[in-house]
Amino acid sequence: MKKEKENIAMPETEEGTVLFNVPFPKDLKQLKGMSPIITLQHYGINYIHSYGQDSPFFAGLANGRLLGTRCTSCGYVHVTPKLHCQQCGGECEWMELPKEGRIHTFTVCYFGSEEFLKETPFMLVLVEFAGAKTLMLSRLLGVDPSKASVDLIGKRVKPRFKRNSKFKPTDVYFVLTE
Amino acid sequence: MRPVYMVSGGITKFAKAHPEMTFQLMVKKAYDYALADIGLTHREAVDAIDGVVASYFSDHFTRQLMAGIMVQDYLGLVPKPGHRVEGGGATGGICFQEAYKSVASGVMDVCVAYGFETMSHVNTWKGNEFIALASDVNFDYPVGGFYTGYYAMMVVRHMKEFGTKVEQMAMVSVKNHINAYHNPYAQKREQLTIEDVRNSPMVAWPLTRLDVCVMSDGAAVALLASEEGIRKLEKASGTRLRPVRVSGVGRGTDSMRMADRPHGKVILLPHESPDDYRGLDYPGIHSFRAGRMATKLAYDMAGIKDPLKDIDFVELHDAYTSSEIQTYEDMGLCRYGEGGKFVEAGNPFLPNIDYGLKLKKKGTIPVNPSGGLMACGHPVGATGLMQAVFAFWQVQHSIKKHFGNDLLQVRDAKRGAIHSHAGTGTYVTVSILEKA
């Protein structure tokens, strides 16, 4: 059994003291016993990122339209767009997805990647649409996270759009229809 | 292709952080252990080894491109051939198979597969961000990229389709942590109960902190050789090797976005029939088609007809308790949908260890006797090779020598399977190790 006391610890944070020098032994033989020098180094990048052929999906979100693609050869529907069919290799065309879908599965994230920690707890959902076998990953809003249960699967949901688009997949999110 | 053998292995203990070592030294320690275990000096090894394959997952964690060659020069193995492989969580498993191919093809007689990861260089939540970059950064990552969240969604669907229970998932955690309690290489050695797992903080419903593996620093090395290579090594070291044959390798893939996975028919294993799966949409997001593909190819190559009869133990990629249950099914240890009941009955537990649980069919086929990723840790590039080393020692019956006790030695182990898994089931490798 884990003892509660073992879990008590001061939170580790990343700020610290700027270090310009360290003690150094007279005898070089002592160097192998030296503690490692650990420094904080920044690692940040801005990317010039293109959505390429998938750009119309994000233009759709900015205009309150949820787009997928349909294969012009076999009719397969890609809810998350692909401009070439993953089933038959045919070329796909843009189409508007139905105005309502159902919860295929979901979760409540109480932790997350650093970028999203401040938003926890948040709900992720995979939405299914009539006539399509592929799904869409999105956020589910308006559901009490403490009420998470498999009974939510199959419930009807509809998309809502941000008023000011950020050209990210979170420009759309889903809420329960009922 | 010609027969390939694993002849030695080594592991640098997985830990939360190894600030006292750079990645080069981490690999060197595992490498030196592998050489010492077959009585090979550095010089003899350099003379015998034909080339290497390097494994590390993330350029973000390492923040050093071409880190593979920096290990190779530290080991003194330049200018011999070498390259790095990358395939998410399966990087180590892919590395093992690329070394296999180098030997099987006749290109090399002796090949070193080495892997490492240095995940302690960022905090846990930044680490989760780095890992989540292994999801589509246009459509998936920005929604709230978090692998535990992705796996939670998959198991919620598994629960809906098949009635899998959170307590069954917790039993996987109890099993793997208690196994690791007897493994000196494990990062976490804890005696847990089902209640401990369920009462631990919720990470992504229904997965708690004890349903999820931890991040680690660590390294592992596997030495592979042909029959000619074994003769060379035996001549060089003057000792008789105890090789283990790599009798099957298989690999499968699936779409990066789990949302894109189609619904079709199950890829059947020899002991299954289409009647087993009438009306099941497959793989959906509840099963790993890549895992089934890898399994089928590896079983076919090794001549495995019924895994429960033909395999003595499995080391599989339990990054989550839920994915261990899903993988029982992919590997045909039970039918699709029966994974929860399979663990509940005790099948994947070791027969001789006390888990504080009542188990009806204890020890049918031990899964993760080492403690798996769940408790040993998951320094991604090293993980698949760690599994190879543990499986090698199991088939060699040398667990006592390497662990200092034989509690985790699978009795009469003649053949084992290792399983390495990436993404949301994107790349999966299965390899079979058996008595030579």
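Start by selecting Arg2(B) and Asp109(B): these two form a salt bridge, with the closest N and O atoms 3.0 Å apart. Keep in mind as you click around that this is a predicted model. The pair links distant parts of the chain, 107 residues apart. Arg2(B) sits in the segment before strand E1 (4-15) of chain B, while Asp109(B) belongs to the loop between H5 and strand E4 (110-118) of chain B. Side chains of opposite charge can pair when their charged atoms come close. If you run the salt-bridge rule over all chains, the count comes to 34.

**Next stop: between the chains**

Now show both chains and pick out what lies between them. How many salt bridges are there between chain A and chain B? The count is two. For a look at Asp260(B), select it together with Lys82(A): they form a salt bridge whose closest N and O atoms are 3.7 Å apart.

Widen the selection to the whole contact and you should pick up 50 residues from chain A and 50 residues from chain B. The area buried between the two chains is about 4300 Å², and carbon and sulfur atoms give 63% of that. On the chain A side, highlight Tyr43(A), Phe111(A) and Leu137(A), which lose the most area to chain B. Together these three account for 15% of what that side buries.

**Helices H5 and H17 of chain B**

Hide chain A and select residues 91-104 and 380-396 of chain B, which are helices H5 and H17. Their axes come within 6 Å and cross at roughly 55 degrees, so H5(B) and H17(B) are oblique to each other. The crossing is right-handed. Which residues make the contact? From H5(B), show Thr91(B), Gly92(B), Gly93(B), Cys95(B) and Phe96(B). From H17(B), add Val380(B), Gly381(B), Gly384(B), Leu385(B) and Ala388(B). Colour this set by class and you get five nonpolar, five polar and no charged residues.

**Helices H1 and H4 of chain B**

Move on to helix H1 (residues 23-37) of chain B, which packs against H4(B) at an angle of about 50 degrees, with the axes 9 Å apart. That angle makes H1(B) oblique to H4(B). The crossing of H1(B) and H4(B) is right-handed. To see where they touch, select Phe23(B), Gln24(B), Leu25(B), Val27(B) and Lys28(B) in H1(B), then Ala67(B), Met70(B), Val71(B) and Tyr74(B) in H4(B). By class, this contact has seven nonpolar residues, one polar and one charged.

Stay around H4(B) and find Arg63(B), in the loop between helix H3 (59-62) and helix H4 (67-74) of chain B. Check its backbone: Arg63(B) has a positive phi of about 50 degrees although it is not a glycine.

**Last stop: two cis peptide bonds**

Finish with two prolines in chain B. Zoom in on Trp205(B) and Pro206(B), where the peptide bond from one to the other is cis, with omega near 5 degrees. Pro206(B) lies in the loop between strand E5 (202-204) and strand E6 (207-208) of chain B. Then jump to Tyr282(B) and Pro283(B). Is the peptide bond from Tyr282(B) to Pro283(B) cis or trans? It is cis, with omega near -5 degrees. Pro283(B) itself is found in strand E10 (residues 282-283) of chain B.

Note on methods: Residues numbered from 1 in each chain as written. Chains lettered and ligands numbered in written order. Predicted model: local features only at pLDDT ≥ 70, side-chain atom pairs only at ≥ 80, totals over all residues. Heavy atoms only, no water. Axes fitted to C-alpha atoms, helices over the stretch in contact; angles between N-to-C directions. Helix = DSSP H or I, 4+ residues; strand = E, 2+ residues; numbered from the N terminus. Parallel < 35°, antiparallel > 145°, perpendicular 65-115°, else oblique. Left-handed = near helix turned anticlockwise from the far one by under 90°. Contact = heavy atoms within 4.5 Å. Nonpolar A, V, L, I, M, F, W, Y, C, P; charged D, E, K, R; others polar. Buried area = accessible area lost by both parts, 1.4 Å probe. Salt bridge = Lys/Arg side-chain N within 4 Å of Asp/Glu carboxyl O.
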